[in-house]
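Got the model open in your viewer? Let's walk through it one selection at a time.

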Amino acid sequence: MDLAMFVGGAWVPARSHATTVATSPATGEALGRVPEGDRDDARAAIVAARSAAPGWAGLTAFERAALMHRVGDVIEARRDQLARTLTLDQGKPLRAEAYDEVDELVTYWRMAAEDGKRLGGLLPNSSSPGKRALLIRRPRGVVGVITPWNWPYTMPAELIAPALAAGNTVVWTPAPSTSVAAVALAECLAEADLPPGVVNLVTGPGPVVGDEIARNPGTDAVAFIGSTATGRLVANAAAGKATLLEMGGNGPIVVLDDADLDRAVEGALVACFLCAGQSCTAGERLLVHSAVRDEFSARLASAVRERVRLGDPFDDATTMGPLNNAAVAAKMDEHVADAVARGATVLTGGARAGSFKTDLYWPPTVLTDVPANALVATDETFGPVAPIVGIGSLDEAIELTNASRYGLLAAIYTADLTKGLAFADAARTGWVNINESSNYWESHLPFGGRSGSDSGLGRVGGAHPMEAFTELQTVIIS
């Protein structure tokens with residue numbers, strides 16, 4: 001099957017006619033030949049977006065909203081197809097996760113449509129008698145969007161949908177390892193019949209296509225979700241433009257000695273094994289008070305063995321599928337081996353699973369006695385691992401939380417709300433959950449990293465990206 005890019009309202013091959021073969025992490029089968037775009041393809045998409053920008057910005061917010069709701073309608077009609085494509089291309093279990101992502105995708109489009117209707121300016125007082133000042137919110141123009149592979153539908157939507165609702169046009173490049181899912185989403189946009197050039201999809205290597213989109217003078221703003229290392233490159237390339245960057249996380253889950261351990265175990269299961277741990281909000285380290293560490297560790301390991309089923313993602317009983325690509329699997333290999341070498345104990349899992357169709361299946365792993373300086377506790381592992389680090393107090397939990405260079409999200413379990421709020425006050429993260437998993441978020445709320453951390457700049461969620469995708473124009477009436 002030959003796939004195509006979507007540029008200027010038409011399905012086109014790469015100008016060089018180069019392609020790459022997309023392979024399923026779940027089955028190992030070839031899914032199709034994906035265009036390997038380059039800088040010329042990105043430039044053509046930017047030209048198409050610039051041409052479409054005045055007309056799209058000239059529509060009323062209500063006209064744009066109607067078209068965006070039409071996208072939601074198409075996605076709902078294609079729900080089964082989209083979910084299956086997601087499982088094949090990304091690897092997440094069909095029933096346990098893929099359908100949920102498709103449903104959340106609809107939410108993002110409908111929410112942005114309605115938020116766009118409410119986007120307004122200001123009427124401040126003028127310092128001069130007889131004059132009126134208007135602050136009018138204008139779209140930036142062309143927004144470049146660069147997205148990752150772990151949520152290949154919803155993460156593009158949380159950027160593309162608000163950018164469009166605010167009156168911008170978009171040039172989008174997805175992670176190469178989930179390009180098939182990206183094309184499936186673009187097919188929904190094409191069927192919804194948005195004006196040509198309003199949304200453009202260019203597939204290809206990030207260092208080429210993504211770099212061109214970020215640095216090309218034809219883009220007025222750049223939005224990125226992905227790793228910290230790549231985000232820094234994007235930020236440098238986009239210097240001088242409005243940027244929205246959501247990058248890595250190493251957010252801890254803190255379990256104090258007064259915590260409800262049943263609830264904490266439930267939260268850890270979601271935190272560490274949703275999307276096979278491939279989440280920026282995953283429970284990358286569990287900071288557990290020494291008074292309850294052994295009991296918590298045993299309960300968590302037992303729950304994992306009983307309830308987390310690694311297997312064929314098309315099997316309804318499967319709760320966790322394979323990792324998406326070889327690089328993240330190799331990182332799991334490295335981090336688990338490093339922790340064990342430093343004295344950690346493997347309670348369950350601990351090595352890649354055999355007897356599957358690919359070698360990307362990593363079983364859910366629980367490690368205890370993990371040193372605070374082990375790679376699995378300091379870096380973003382992005383895999384299905386629960387590394388348990390012992391702590392002696394709330395103060396130590398805060399100290400370890402803030403010692404990380406990341407500042408995205410943290411969670412704490414405690415029976416004492418005062419302690420929970422004290423942790424929230426002190427933790428330098430953009431989001432804190434109290435008695436809730438780190439993998440809990442609400443799509444309309446602002447989400448992003450704290451200033452000065454390696455977790456990004458700006459906020460996604462609901463209407464909040466529109467602050468980056470628009471700018472205020474001052475108009476004086478005399």
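Two things before you click. This is a predicted model, so local features need pLDDT of at least 70 and side-chain atom pairs count only at pLDDT 80 or more, while totals for chains, interfaces and linings use all residues. Residues are numbered from 1 along each chain as its sequence is written, and side-chain values use heavy atoms, with hydrogens and water left out.

**Stop 1: strand β6**

Select residues 142-146, which make up strand β6. Helices (H or I, at least four residues) and strands (E, at least two) are DSSP runs, numbered from the N terminus. In a regular strand the side chains alternate between the two faces of the sheet. Are the two faces of β6 buried or exposed? Val142, Gly144 and Ile146 on one side are buried, and so are Val143 and Val145 on the other. Buried here means under 20% relative accessible area, exposed means over 50%, and partly exposed is in between (1.4 Å probe, protein chains only).

Now add residues 169-173, strand β7, which pairs with β6 in the parallel sense over 5 bridges. Two strands count as paired if DSSP finds at least two bridges between them. To see one of these bridges, pick Gly144 and its partner in β7, Val171.

**Stop 2: the largest nonpolar core**

Next, show Ile75, Trp109, Tyr153 and Leu164 as sticks: of the 72 residues in the largest nonpolar core, they touch the most other members. A nonpolar core is a set of buried Ala, Val, Leu, Ile, Met, Phe, Trp, Tyr and Cys residues joined through side-chain atoms within 4.5 Å. Colour helix α4 (residues 94-118) too, as the source of this core's largest share, 11 residues.

Centre on Leu164 and look around. Leaving out residues up to four places away in sequence, Leu164 touches Trp56, Arg64, Met68, Trp109, Thr169, Val170, Leu194, Val198 and Val199. Contact means heavy atoms within 4.5 Å.

There is also a second, separate core of 60 residues, with Leu261, Ala271, Phe296 and Val389 among its members.

**Stop 3: strand β15**

Select residues 385-391. Because 6 of the 7 residues of β15 are buried, this strand is largely enclosed by the rest of the structure. Bring up β12 (residues 285-289), which pairs with β15 in the parallel sense over 4 bridges; Leu286 stands opposite Ile388 in β15. Then add β14 (residues 365-368), which runs parallel to β15 and is joined to it by 3 bridges. Here, Val366 has Ala386 of β15 as its bridge partner.

**Stop 4: two buried polar residues**

Zoom to Glu212 in helix α7 (residues 206-215). Its relative accessibility is 6%, so Glu212 counts as buried. What does its side chain meet in the 2.9 Å polar contact? The partner is the side chain of Arg39. A polar contact is a pair of N or O atoms within 3.5 Å; within protein, one must be able to donate a hydrogen and the other to accept it, and residues adjacent in sequence count only if both atoms are side-chain atoms. Beyond four places in sequence, Glu212 touches Arg39, Ala42, Arg43 and Ile46.

Jump to Thr85 in helix α3 (residues 79-90), which counts as buried because its relative accessibility is 15%. The Thr85 side chain reaches the backbone oxygen of Gln81 at 3.0 Å. Setting aside neighbours within four places in sequence, Thr85 is in contact with Tyr153, Val180, Ala181 and Ala184.

**Stop 5: pocket and cavity**

On a 1 Å grid over the protein atoms alone, a cavity is a set of points where a 1.4 Å probe fits but cannot get out, and a pocket is an open set with protein on both sides within 12 Å along at least five of seven lines; lining residues have an atom within 4 Å of a point. Grid points are joined across faces, edges and corners, and a volume is the space filled by probe spheres set on the points.

For the largest pocket, select Trp149, Phe224, Gly226, Ser227 and Thr230, which lie nearest its centre among 41 lining residues. The pocket holds about 1,000 Å³ of space, and α8 (228-237) gives the most to its lining, with 7 residues.

For the largest cavity, with about 200 Å³ of space, go to Tyr108, Met155, Glu158, Trp441 and Phe447, the nearest to its centre of 18 lining residues.
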